[in-house]
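Subject: Structure handover and notes

Dear colleague,

Please find below the structure I promised to pass on, with the sequence alongside. My notes on what came out of it follow.

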Amino acid sequence: MDQPHALLVASPGLGHLIPMLELGNRLSSVLNVKVTVFAVTTGSSSPTESEAMHAAAARGTCEITELPPVDIDHLVEPDATVVTKIFAKMRAMKPAFQDAVKSMNRKPTVLVVDFFGTGLMSAADEAGLTAKYLYVPSHAWFLAVIVTLPVWDKVVEGEYVDIKEPLKIPGCRPVGPDDLLDTILDRSNHQYRECVRCGEEVPTSDGVLVNTWEELQGNTLAALREGGESSRVMKVPVYAIGPNIRSKGPMEKPNSMIFEWLDKQDARSVVYVCLGSGGALSFEQTVELAWGLELSGQRFLWVLRRPTSYLVASSSDEDQVSESLPEGFLDRTSGVGLVVTQWAPQVEILSHGSIGGFLSHCGWSSVLESLTNGVPIVAWPLYAEQWMNATLLTEELGVAVRTSELPGKGVIGREEVASLVRKIVAEEDEEGRKVRAKAEEVKVSSERAWTQGGSSRSSLFEWAKRCGLVA
Ligand code: UDP
(Lines give C-alpha, C1' and ligand atoms only; values in the text may rest on other atoms or scores of the structure.)
Protein backbone atom coordinates (compact mmCIF):
# COMPACT_ATOMS: atom_id res chain seq x y z
CA MET A 1 0.00 0.00 0.00
CA ASP A 2 1.18 3.51 -0.78
CA GLN A 3 2.40 5.60 2.13
CA PRO A 4 -0.46 7.98 3.13
CA HIS A 5 0.13 11.49 1.88
CA ALA A 6 -0.84 14.84 3.41
CA LEU A 7 -0.70 18.15 1.57
CA LEU A 8 -0.06 21.30 3.60
CA VAL A 9 -0.44 24.80 2.16
CA ALA A 10 1.48 27.68 3.77
CA SER A 11 0.41 31.31 3.30
CA PRO A 12 2.91 34.07 2.45
CA GLY A 13 5.16 35.37 5.21
CA LEU A 14 7.65 33.73 7.52
CA GLY A 15 5.17 33.81 10.41
CA HIS A 16 2.86 31.51 8.39
CA LEU A 17 5.44 29.46 6.53
CA ILE A 18 7.46 28.33 9.57
CA PRO A 19 4.53 26.93 11.60
CA MET A 20 3.33 24.96 8.55
CA LEU A 21 6.82 23.57 7.89
CA GLU A 22 7.06 22.56 11.54
CA LEU A 23 3.66 20.89 11.37
CA GLY A 24 4.87 19.01 8.28
CA ASN A 25 7.95 17.88 10.15
CA ARG A 26 5.81 16.70 13.06
CA LEU A 27 3.37 14.76 10.83
CA SER A 28 6.19 13.08 9.01
CA SER A 29 8.26 12.19 12.06
CA VAL A 30 5.45 11.10 14.40
CA LEU A 31 2.98 9.56 11.94
CA ASN A 32 5.45 8.44 9.30
CA VAL A 33 3.28 9.84 6.50
CA LYS A 34 4.47 11.47 3.31
CA VAL A 35 4.15 15.26 3.55
CA THR A 36 4.17 17.81 0.75
CA VAL A 37 4.12 21.52 1.56
CA PHE A 38 2.88 23.97 -1.06
CA ALA A 39 4.36 27.35 -0.16
CA VAL A 40 2.77 30.57 -1.32
CA THR A 41 5.49 33.13 -0.81
CA THR A 42 5.40 36.90 -0.55
CA GLY A 43 6.58 37.14 -4.13
CA SER A 44 9.57 39.28 -3.36
CA SER A 45 11.67 36.10 -2.93
CA SER A 46 12.36 37.11 0.63
CA PRO A 47 15.68 35.48 1.55
CA THR A 48 14.32 34.37 4.92
CA GLU A 49 11.43 32.49 3.29
CA SER A 50 13.80 30.63 0.96
CA GLU A 51 16.12 30.00 3.87
CA ALA A 52 13.30 28.49 5.92
CA MET A 53 12.30 26.28 2.99
CA HIS A 54 15.88 25.12 2.39
CA ALA A 55 16.35 24.33 6.06
CA ALA A 56 13.08 22.38 6.20
CA ALA A 57 13.90 20.53 2.97
CA ALA A 58 17.32 19.62 4.37
CA ARG A 59 15.65 17.70 7.20
CA GLY A 60 14.20 15.43 4.53
CA THR A 61 10.81 15.17 6.22
CA CYS A 62 8.74 17.17 3.71
CA GLU A 63 8.78 17.85 0.00
CA ILE A 64 8.37 21.57 -0.58
CA THR A 65 6.95 23.13 -3.74
CA GLU A 66 6.72 26.87 -4.19
CA LEU A 67 3.51 27.68 -6.08
CA PRO A 68 3.99 30.09 -9.02
CA PRO A 69 3.33 33.76 -8.20
CA VAL A 70 -0.08 35.19 -9.01
CA ASP A 71 -0.98 38.82 -9.66
CA ILE A 72 -3.67 40.19 -7.35
CA ASP A 73 -3.36 43.92 -8.10
CA HIS A 74 -6.72 43.92 -9.93
CA LEU A 75 -8.39 42.11 -7.02
CA VAL A 76 -7.60 44.49 -4.16
CA GLU A 77 -7.75 48.23 -3.55
CA PRO A 78 -4.38 50.00 -3.89
CA ASP A 79 -4.41 50.78 -0.15
CA ALA A 80 -5.39 47.23 0.91
CA THR A 81 -3.75 45.99 4.09
CA VAL A 82 -1.30 43.08 4.15
CA VAL A 83 -4.00 40.87 5.65
CA THR A 84 -6.47 41.65 2.85
CA LYS A 85 -3.76 40.97 0.27
CA ILE A 86 -2.85 37.61 1.80
CA PHE A 87 -6.47 36.42 1.84
CA ALA A 88 -6.94 37.58 -1.78
CA LYS A 89 -3.72 35.92 -2.86
CA MET A 90 -4.63 32.61 -1.28
CA ARG A 91 -8.01 32.58 -3.06
CA ALA A 92 -6.36 33.53 -6.35
CA MET A 93 -4.02 30.54 -5.94
CA LYS A 94 -6.86 28.07 -6.64
CA PRO A 95 -5.98 27.31 -10.31
CA ALA A 96 -2.26 27.01 -9.52
CA PHE A 97 -3.11 24.79 -6.55
CA GLN A 98 -5.29 22.50 -8.68
CA ASP A 99 -2.66 22.27 -11.44
CA ALA A 100 0.03 21.45 -8.91
CA VAL A 101 -2.09 18.69 -7.34
CA LYS A 102 -2.89 17.27 -10.82
CA SER A 103 0.77 17.05 -11.67
CA MET A 104 1.64 15.04 -8.55
CA ASN A 105 2.49 11.41 -9.13
CA ARG A 106 1.25 10.23 -5.77
CA LYS A 107 -1.95 12.03 -4.90
CA PRO A 108 -2.42 13.32 -1.36
CA THR A 109 -5.69 12.54 0.44
CA VAL A 110 -5.65 15.13 3.21
CA LEU A 111 -5.37 18.90 2.84
CA VAL A 112 -4.27 21.20 5.67
CA VAL A 113 -4.44 24.98 5.22
CA ASP A 114 -3.91 27.83 7.66
CA PHE A 115 -6.60 30.39 8.37
CA PHE A 116 -5.57 32.63 5.46
CA GLY A 117 -6.09 29.63 3.19
CA THR A 118 -9.68 28.76 4.11
CA GLY A 119 -10.70 29.99 0.63
CA LEU A 120 -8.72 27.08 -0.85
CA MET A 121 -10.75 24.42 0.95
CA SER A 122 -13.45 24.53 -1.72
CA ALA A 123 -10.82 23.36 -4.22
CA ALA A 124 -10.05 20.24 -2.18
CA ASP A 125 -12.94 18.10 -3.47
CA GLU A 126 -12.28 18.94 -7.12
CA ALA A 127 -8.62 18.13 -6.60
CA GLY A 128 -9.58 14.69 -5.26
CA LEU A 129 -8.62 15.30 -1.63
CA THR A 130 -10.96 13.48 0.71
CA ALA A 131 -10.38 15.49 3.90
CA LYS A 132 -9.67 19.15 4.55
CA TYR A 133 -8.42 20.58 7.81
CA LEU A 134 -7.41 23.93 9.15
CA TYR A 135 -4.21 24.50 11.16
CA VAL A 136 -4.28 27.40 13.60
CA PRO A 137 -0.69 28.01 14.73
CA SER A 138 -2.05 30.08 17.60
CA HIS A 139 -4.04 29.17 20.73
CA ALA A 140 -7.58 28.02 21.52
CA TRP A 141 -8.91 31.38 22.75
CA PHE A 142 -7.82 32.98 19.46
CA LEU A 143 -9.62 30.22 17.55
CA ALA A 144 -12.71 30.89 19.67
CA VAL A 145 -12.59 34.57 18.64
CA ILE A 146 -12.23 33.77 14.94
CA VAL A 147 -15.20 31.41 14.87
CA THR A 148 -17.35 33.73 17.01
CA LEU A 149 -16.63 36.79 14.89
CA PRO A 150 -19.50 36.11 12.42
CA VAL A 151 -21.88 36.05 15.42
CA TRP A 152 -20.55 39.34 16.84
CA ASP A 153 -20.76 40.79 13.36
CA LYS A 154 -24.52 40.26 13.39
CA VAL A 155 -25.31 41.31 16.95
CA VAL A 156 -22.83 44.02 17.91
CA GLU A 157 -23.47 47.56 16.74
CA GLY A 158 -20.67 50.07 16.20
CA GLU A 159 -16.98 49.45 16.69
CA TYR A 160 -15.97 46.66 19.07
CA VAL A 161 -13.62 48.95 21.03
CA ASP A 162 -16.57 51.16 21.96
CA ILE A 163 -18.70 48.48 23.57
CA LYS A 164 -19.26 48.79 27.30
CA GLU A 165 -19.17 45.08 28.20
CA PRO A 166 -16.46 42.62 27.12
CA LEU A 167 -17.50 40.47 24.16
CA LYS A 168 -18.72 37.04 25.19
CA ILE A 169 -17.89 33.57 23.89
CA PRO A 170 -19.77 30.73 25.62
CA GLY A 171 -17.51 29.05 28.20
CA CYS A 172 -14.47 31.14 27.27
CA ARG A 173 -12.76 34.15 28.80
CA PRO A 174 -14.62 37.28 27.56
CA VAL A 175 -12.73 39.53 25.17
CA GLY A 176 -12.15 43.06 26.45
CA PRO A 177 -11.49 46.10 24.25
CA ASP A 178 -7.76 45.82 24.98
CA ASP A 179 -7.69 42.17 23.86
CA LEU A 180 -9.12 42.67 20.38
CA LEU A 181 -7.15 41.70 17.28
CA ASP A 182 -5.98 44.79 15.42
CA THR A 183 -7.55 43.45 12.22
CA ILE A 184 -11.08 43.81 13.59
CA LEU A 185 -10.78 47.24 15.18
CA ASP A 186 -12.09 49.09 12.12
CA ARG A 187 -15.19 47.39 10.78
CA SER A 188 -15.23 49.54 7.66
CA ASN A 189 -11.85 48.20 6.59
CA HIS A 190 -11.95 45.32 4.12
CA GLN A 191 -9.60 43.22 6.25
CA TYR A 192 -12.38 43.03 8.87
CA ARG A 193 -14.72 41.49 6.25
CA GLU A 194 -12.01 38.98 5.39
CA CYS A 195 -11.70 37.96 9.05
CA VAL A 196 -15.49 37.46 9.30
CA ARG A 197 -15.44 35.41 6.10
CA CYS A 198 -12.59 33.31 7.52
CA GLY A 199 -14.68 32.64 10.65
CA GLU A 200 -17.59 31.58 8.44
CA GLU A 201 -15.38 29.23 6.43
CA VAL A 202 -13.88 27.40 9.45
CA PRO A 203 -16.92 25.10 9.84
CA THR A 204 -16.63 24.05 6.17
CA SER A 205 -13.46 22.20 7.16
CA ASP A 206 -13.53 18.67 8.58
CA GLY A 207 -11.80 19.91 11.72
CA VAL A 208 -9.16 22.18 13.19
CA LEU A 209 -5.66 21.49 14.49
CA VAL A 210 -4.52 24.09 17.02
CA ASN A 211 -1.07 24.83 18.43
CA THR A 212 -1.86 24.41 22.10
CA TRP A 213 -2.31 21.45 24.42
CA GLU A 214 -4.97 20.15 26.75
CA GLU A 215 -3.06 20.87 29.97
CA LEU A 216 -2.45 24.49 28.91
CA GLN A 217 -5.96 25.41 27.77
CA GLY A 218 -8.22 22.55 28.84
CA ASN A 219 -11.11 24.84 29.82
CA THR A 220 -11.16 26.77 26.57
CA LEU A 221 -10.83 23.61 24.50
CA ALA A 222 -13.70 22.04 26.42
CA ALA A 223 -15.82 25.16 25.87
CA LEU A 224 -15.15 25.00 22.13
CA ARG A 225 -16.35 21.40 21.97
CA GLU A 226 -19.20 21.41 24.48
CA GLY A 227 -22.91 21.89 23.92
CA GLY A 228 -25.39 20.75 21.34
CA GLU A 229 -25.04 20.98 17.57
CA SER A 230 -26.52 24.49 17.44
CA SER A 231 -24.98 26.01 20.61
CA ARG A 232 -21.43 24.62 20.32
CA VAL A 233 -18.78 27.29 19.59
CA MET A 234 -16.96 24.93 17.19
CA LYS A 235 -19.11 22.96 14.79
CA VAL A 236 -16.22 20.70 13.77
CA PRO A 237 -13.72 18.70 15.89
CA VAL A 238 -10.74 20.50 17.44
CA TYR A 239 -7.43 18.73 17.95
CA ALA A 240 -4.88 20.31 20.31
CA ILE A 241 -1.54 19.19 18.92
CA GLY A 242 0.93 21.69 20.35
CA PRO A 243 3.40 22.88 21.18
CA ASN A 244 4.88 22.81 17.70
CA ILE A 245 7.85 25.09 17.59
CA ARG A 246 10.81 25.53 15.31
CA SER A 247 13.42 22.94 16.11
CA LYS A 248 17.04 23.95 16.44
CA GLY A 249 18.77 23.36 13.17
CA PRO A 250 20.27 24.78 10.02
CA MET A 251 17.89 27.78 10.01
CA GLU A 252 19.69 28.94 13.15
CA LYS A 253 22.88 30.49 11.88
CA PRO A 254 25.42 30.04 14.67
CA ASN A 255 26.24 33.46 15.99
CA SER A 256 29.31 32.77 18.06
CA MET A 257 29.46 36.27 19.57
CA ILE A 258 26.04 35.78 21.19
CA PHE A 259 26.78 32.32 22.53
CA GLU A 260 30.28 33.17 23.71
CA TRP A 261 28.73 36.01 25.69
CA LEU A 262 25.84 33.91 27.03
CA ASP A 263 28.25 31.16 28.09
CA LYS A 264 29.98 33.65 30.42
CA GLN A 265 26.80 34.66 32.26
CA ASP A 266 25.35 33.09 35.39
CA ALA A 267 22.44 30.71 35.13
CA ARG A 268 19.08 32.46 34.55
CA SER A 269 20.66 35.91 34.90
CA VAL A 270 19.93 37.41 31.45
CA VAL A 271 16.75 38.97 30.09
CA TYR A 272 16.38 38.33 26.37
CA VAL A 273 14.61 41.19 24.57
CA CYS A 274 13.15 40.56 21.11
CA LEU A 275 9.95 41.83 19.59
CA GLY A 276 9.49 39.26 16.84
CA SER A 277 10.23 39.19 13.16
CA GLY A 278 8.80 42.63 12.49
CA GLY A 279 8.28 44.38 15.82
CA ALA A 280 9.82 47.83 15.95
CA LEU A 281 9.31 50.53 18.54
CA SER A 282 9.04 54.27 18.28
CA PHE A 283 12.14 56.33 18.87
CA GLU A 284 10.90 57.49 22.32
CA GLN A 285 10.01 53.96 23.36
CA THR A 286 13.39 52.63 22.26
CA VAL A 287 15.09 55.23 24.45
CA GLU A 288 12.89 54.39 27.48
CA LEU A 289 13.44 50.67 27.00
CA ALA A 290 17.19 51.22 26.88
CA TRP A 291 17.13 53.28 30.08
CA GLY A 292 14.86 50.69 31.70
CA LEU A 293 17.24 47.84 30.91
CA GLU A 294 20.15 49.86 32.25
CA LEU A 295 18.28 50.87 35.42
CA SER A 296 17.19 47.29 36.08
CA GLY A 297 20.82 46.37 36.75
CA GLN A 298 20.12 43.01 35.09
CA ARG A 299 22.08 41.46 32.26
CA PHE A 300 20.38 41.67 28.89
CA LEU A 301 20.60 40.43 25.32
CA TRP A 302 18.64 42.86 23.14
CA VAL A 303 17.70 42.21 19.51
CA LEU A 304 17.18 45.79 18.46
CA ARG A 305 15.43 46.89 15.29
CA ARG A 306 15.41 50.31 13.67
CA PRO A 307 12.84 52.53 15.42
CA THR A 308 9.65 53.22 13.45
CA SER A 309 9.87 56.99 13.79
CA TYR A 310 13.52 57.44 12.83
CA LEU A 311 13.84 60.29 10.40
CA VAL A 312 17.32 60.09 8.91
CA ALA A 313 16.55 57.86 5.97
CA SER A 314 20.03 58.05 4.52
CA SER A 315 21.96 56.30 7.27
CA SER A 316 22.31 52.52 7.38
CA ASP A 317 20.02 50.31 9.46
CA GLU A 318 22.83 49.56 11.85
CA ASP A 319 23.70 53.24 12.34
CA GLN A 320 20.06 54.12 12.88
CA VAL A 321 19.80 51.43 15.51
CA SER A 322 22.79 52.58 17.52
CA GLU A 323 21.91 56.27 17.08
CA SER A 324 18.51 55.55 18.61
CA LEU A 325 20.09 54.54 21.92
CA PRO A 326 20.72 57.05 24.73
CA GLU A 327 24.15 58.66 24.57
CA GLY A 328 26.82 56.50 26.15
CA PHE A 329 24.41 53.57 26.64
CA LEU A 330 26.58 51.02 24.85
CA ASP A 331 29.69 52.06 26.83
CA ARG A 332 27.95 52.13 30.20
CA THR A 333 26.31 48.73 29.68
CA SER A 334 29.26 47.06 28.02
CA GLY A 335 29.80 43.74 29.76
CA VAL A 336 26.32 43.87 31.29
CA GLY A 337 24.35 43.80 28.08
CA LEU A 338 24.72 42.82 24.47
CA VAL A 339 22.84 44.58 21.67
CA VAL A 340 22.50 42.82 18.31
CA THR A 341 20.79 44.11 15.21
CA GLN A 342 20.70 41.04 13.00
CA TRP A 343 18.26 38.09 12.99
CA ALA A 344 18.89 36.26 16.26
CA PRO A 345 18.88 32.46 16.68
CA GLN A 346 15.98 32.76 19.12
CA VAL A 347 15.19 29.09 19.64
CA GLU A 348 18.78 28.41 20.68
CA ILE A 349 19.00 31.56 22.78
CA LEU A 350 15.88 30.72 24.77
CA SER A 351 17.18 27.25 25.51
CA HIS A 352 20.49 28.62 26.85
CA GLY A 353 20.80 28.18 30.61
CA SER A 354 21.77 31.81 31.24
CA ILE A 355 18.40 33.15 30.03
CA GLY A 356 16.20 34.08 32.97
CA GLY A 357 13.40 36.02 31.28
CA PHE A 358 12.06 37.12 27.91
CA LEU A 359 10.70 40.58 27.12
CA SER A 360 8.54 39.57 24.18
CA HIS A 361 5.93 40.96 21.79
CA CYS A 362 3.98 37.76 22.55
CA GLY A 363 3.79 36.35 19.03
CA TRP A 364 2.54 32.83 19.72
CA SER A 365 5.68 31.14 18.37
CA SER A 366 7.85 33.28 20.64
CA VAL A 367 5.58 32.50 23.59
CA LEU A 368 5.85 28.75 22.98
CA GLU A 369 9.61 28.93 22.44
CA SER A 370 9.88 30.65 25.83
CA LEU A 371 7.49 28.48 27.81
CA THR A 372 8.88 25.18 26.52
CA ASN A 373 12.13 26.32 28.14
CA GLY A 374 10.41 27.43 31.35
CA VAL A 375 11.35 31.08 30.69
CA PRO A 376 8.91 33.64 32.19
CA ILE A 377 7.83 36.58 30.06
CA VAL A 378 7.50 40.35 30.25
CA ALA A 379 4.55 40.79 27.89
CA TRP A 380 4.99 43.66 25.44
CA PRO A 381 2.26 43.07 22.84
CA LEU A 382 2.39 45.13 19.65
CA TYR A 383 0.01 43.90 16.94
CA ALA A 384 -2.19 41.08 15.56
CA GLU A 385 -3.52 38.79 18.33
CA GLN A 386 -0.65 39.68 20.70
CA TRP A 387 -2.83 41.72 23.07
CA MET A 388 -5.03 38.75 23.79
CA ASN A 389 -1.93 36.55 24.07
CA ALA A 390 -0.61 38.92 26.76
CA THR A 391 -3.90 38.69 28.67
CA LEU A 392 -3.87 34.90 28.41
CA LEU A 393 -0.29 34.73 29.68
CA THR A 394 -0.78 37.06 32.62
CA GLU A 395 -4.36 36.54 33.74
CA GLU A 396 -4.99 32.92 32.91
CA LEU A 397 -1.67 31.10 32.79
CA GLY A 398 0.27 33.27 35.25
CA VAL A 399 3.53 32.93 33.31
CA ALA A 400 4.07 36.61 32.51
CA VAL A 401 3.98 40.11 33.90
CA ARG A 402 2.78 42.97 31.73
CA THR A 403 2.96 46.71 31.34
CA SER A 404 0.29 48.89 32.97
CA GLU A 405 -0.86 50.21 29.60
CA LEU A 406 -0.62 48.79 26.10
CA PRO A 407 2.75 49.40 24.45
CA GLY A 408 2.04 51.34 21.28
CA LYS A 409 -0.86 53.24 22.84
CA GLY A 410 1.46 55.08 25.21
CA VAL A 411 5.18 55.10 25.99
CA ILE A 412 6.17 52.68 28.76
CA GLY A 413 8.50 54.55 31.08
CA ARG A 414 11.98 53.43 32.13
CA GLU A 415 11.08 52.81 35.80
CA GLU A 416 8.30 50.45 34.81
CA VAL A 417 10.56 48.59 32.37
CA ALA A 418 13.22 48.22 35.07
CA SER A 419 10.72 46.99 37.64
CA LEU A 420 9.17 44.39 35.29
CA VAL A 421 12.56 43.05 34.26
CA ARG A 422 13.73 42.83 37.88
CA LYS A 423 10.51 41.03 38.81
CA ILE A 424 11.10 38.12 36.49
CA VAL A 425 14.89 37.95 36.37
CA ALA A 426 15.88 38.99 39.89
CA GLU A 427 12.70 37.44 41.38
CA GLU A 428 12.62 40.24 43.92
CA ASP A 429 9.05 39.65 44.97
CA GLU A 430 6.43 36.96 45.36
CA GLU A 431 4.85 37.74 41.97
CA GLY A 432 8.16 37.20 40.17
CA ARG A 433 8.76 33.89 41.95
CA LYS A 434 5.23 32.68 41.19
CA VAL A 435 5.54 33.57 37.51
CA ARG A 436 8.80 31.63 37.21
CA ALA A 437 7.33 28.61 39.01
CA LYS A 438 4.34 28.65 36.64
CA ALA A 439 6.60 28.89 33.58
CA GLU A 440 8.50 25.83 34.90
CA GLU A 441 5.21 23.94 35.30
CA VAL A 442 4.22 24.79 31.73
CA LYS A 443 7.58 23.54 30.48
CA VAL A 444 6.99 20.18 32.16
CA SER A 445 3.42 19.90 30.84
CA SER A 446 4.57 20.83 27.32
CA GLU A 447 7.06 17.96 27.38
CA ARG A 448 4.49 15.56 28.77
CA ALA A 449 2.05 16.42 25.97
CA TRP A 450 4.38 14.79 23.43
CA THR A 451 5.46 11.72 25.40
CA GLN A 452 3.94 8.29 24.68
CA GLY A 453 0.28 8.61 25.71
CA GLY A 454 0.64 12.40 26.12
CA SER A 455 -2.34 14.55 25.17
CA SER A 456 -0.99 16.12 21.96
CA ARG A 457 0.48 12.88 20.67
CA SER A 458 -2.82 11.09 21.32
CA SER A 459 -4.75 13.93 19.72
CA LEU A 460 -2.55 13.83 16.63
CA PHE A 461 -3.14 10.07 16.26
CA GLU A 462 -6.86 10.51 16.78
CA TRP A 463 -6.91 13.09 13.98
CA ALA A 464 -4.72 10.94 11.72
CA LYS A 465 -7.04 7.95 12.21
CA ARG A 466 -10.10 10.05 11.49
CA CYS A 467 -8.72 11.32 8.22
CA GLY A 468 -7.23 7.98 7.22
CA LEU A 469 -3.55 8.88 7.49
CA VAL A 470 -2.97 5.99 9.91
CA ALA A 471 -4.95 2.76 10.31
N1 UDP B 1 12.73 35.04 15.34
C2 UDP B 1 14.06 34.71 15.36
N3 UDP B 1 14.98 35.70 15.43
C4 UDP B 1 14.66 37.01 15.48
C5 UDP B 1 13.28 37.35 15.48
C6 UDP B 1 12.36 36.34 15.41
O7 UDP B 1 14.42 33.52 15.32
O8 UDP B 1 15.56 37.86 15.53
C9 UDP B 1 11.74 33.96 15.20
C10 UDP B 1 11.17 33.49 16.52
O11 UDP B 1 11.98 32.48 17.07
C12 UDP B 1 9.79 32.98 16.12
C13 UDP B 1 9.44 33.83 14.91
O14 UDP B 1 10.64 34.44 14.46
O15 UDP B 1 9.87 31.62 15.73
C16 UDP B 1 8.46 34.93 15.26
O17 UDP B 1 7.20 34.39 15.34
P18 UDP B 1 6.13 34.94 16.38
O19 UDP B 1 4.87 34.14 16.19
O20 UDP B 1 6.69 34.96 17.73
O21 UDP B 1 5.91 36.43 15.98
P22 UDP B 1 5.76 37.19 14.57
O23 UDP B 1 7.12 37.69 14.28
O24 UDP B 1 5.22 36.22 13.58
O25 UDP B 1 4.85 38.30 14.92
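Helices and strands are taken here as DSSP runs, helices being H or I over at least four residues and strands E over at least two, and both are numbered from the N terminus. With that in place, N32 can be assigned to the loop between α1 and β2. Please keep in mind throughout that this is a predicted model.

**Overall fold**

The protein has 18 helices and 13 strands. Its radius of gyration is 22 Å, close to the 23 Å that the globule rule gives for 471 residues, so the protein is as compact as a globular protein of that length. Taken along the principal axes, the C-alpha atoms fill a box of roughly 65 × 50 × 50 Å. Of the 471 residues, 48% are buried, and among contacts between residues at least 6 apart in sequence, 72% join residues at least 24 apart.

**The surroundings of the ligand**

There are 17 residues around the ligand, and those that come nearest are G15, G276, Q346, G363 and S366. Three helices, α1 (14-31), α13 (346-350) and α14 (364-371), each supply at least two residues of this shell, with the largest share, 4 residues, coming from α14. By character, the residues of the shell divide into 7 nonpolar, 8 polar and 2 charged.

**Helix α1 and the residue after it**

Since α1 contributes to the shell around the ligand, I looked at this helix further. Helix α1 has 18 residues and reaches 25 Å from its first C-alpha to its last, which is close to the 26 Å expected at 1.5 Å a residue. Its buried residues are H16, L17, I18, P19, M20, L21, E22, L23, G24, N25, R26 and L27, and they pack against β1 (5-10), β2 (34-39), α2 (47-59), β4 (110-114), β5 (131-136) and α14. Helix α14, then, appears both among the packing partners of α1 and in the shell around the ligand.

The helix is followed by N32, whose phi is near 55°, a positive value in a residue other than glycine. In contrast to the buried residues listed for α1, N32 is exposed, with 12 other C-beta atoms within 10 Å.

**Helix α8**

What span does helix α8 (residues 214-225) have between its end C-alpha atoms? A straight helix of 12 residues would span 16 Å at 1.5 Å a residue, whereas α8 spans only 12 Å. The buried residues of α8 are L216, Q217, T220, L221, A223 and L224. Seen down the axis of α8, these buried residues fall within an arc of 155°, so they line one face of the helix. What covers them includes α6 (140-155), β7 (238-240) and α17 (430-449). Just after α8, G227 takes a positive phi of about 95°.

**Individual residues in loops**

P243 sits in the loop between β7 and α9 (256-263), and a cis peptide bond joins G242 to P243, with omega of about 0°. Is P243 buried or exposed? P243 is buried, with 24 other C-beta atoms within 10 Å. Not counting residues up to four places away in sequence, P243 touches N211, W213, L368, T372 and S446. The C-alpha atoms of P243 and S456 are separated by 8.1 Å, although the two residues lie 213 residues apart along the chain.

R268, found in the loop between α9 and β8 (270-274), has a positive phi of about 50° although it is not a glycine. R268 is partly exposed, with 18 other C-beta atoms within 10 Å.

P108, finally, is placed in the loop between α4 (94-102) and β4. With 25 C-beta neighbours inside 10 Å, P108 counts as buried, and, leaving aside its neighbours within four places in sequence, P108 is in contact with H5, A6, L7, T36 and L129. The C-alpha atoms of P108 and T212, which are 104 residues apart along the chain, are separated by 26 Å.

With best regards

How values were computed:
Residues are numbered from 1 along each chain as its sequence is written. This is a predicted model: local features need pLDDT of at least 70, side-chain atom pairs count only at pLDDT 80 or more; totals for chains, interfaces and linings use all residues. A residue is near a molecule or strand if its C-beta atom, placed from the backbone, lies within 6 Å of it. Ala, Val, Leu, Ile, Met, Phe, Trp, Tyr, Cys and Pro count as nonpolar, Asp, Glu, Lys and Arg as charged, and the others, Gly among them, as polar. The expected span of a helix is 1.5 Å times one less than its number of residues. A residue is buried if 20 or more other C-beta atoms lie within 10 Å of its own, exposed if 12 or fewer, and partly exposed in between; C-beta atoms are placed from the backbone. The arc is that of the directions from the helix axis to the C-beta atoms. Two residues are in contact if their C-beta atoms, placed from the backbone, lie within 7 Å. The radius of gyration is taken over C-alpha atoms; the globule rule is 2.2 Å times the number of residues to the power 0.38.
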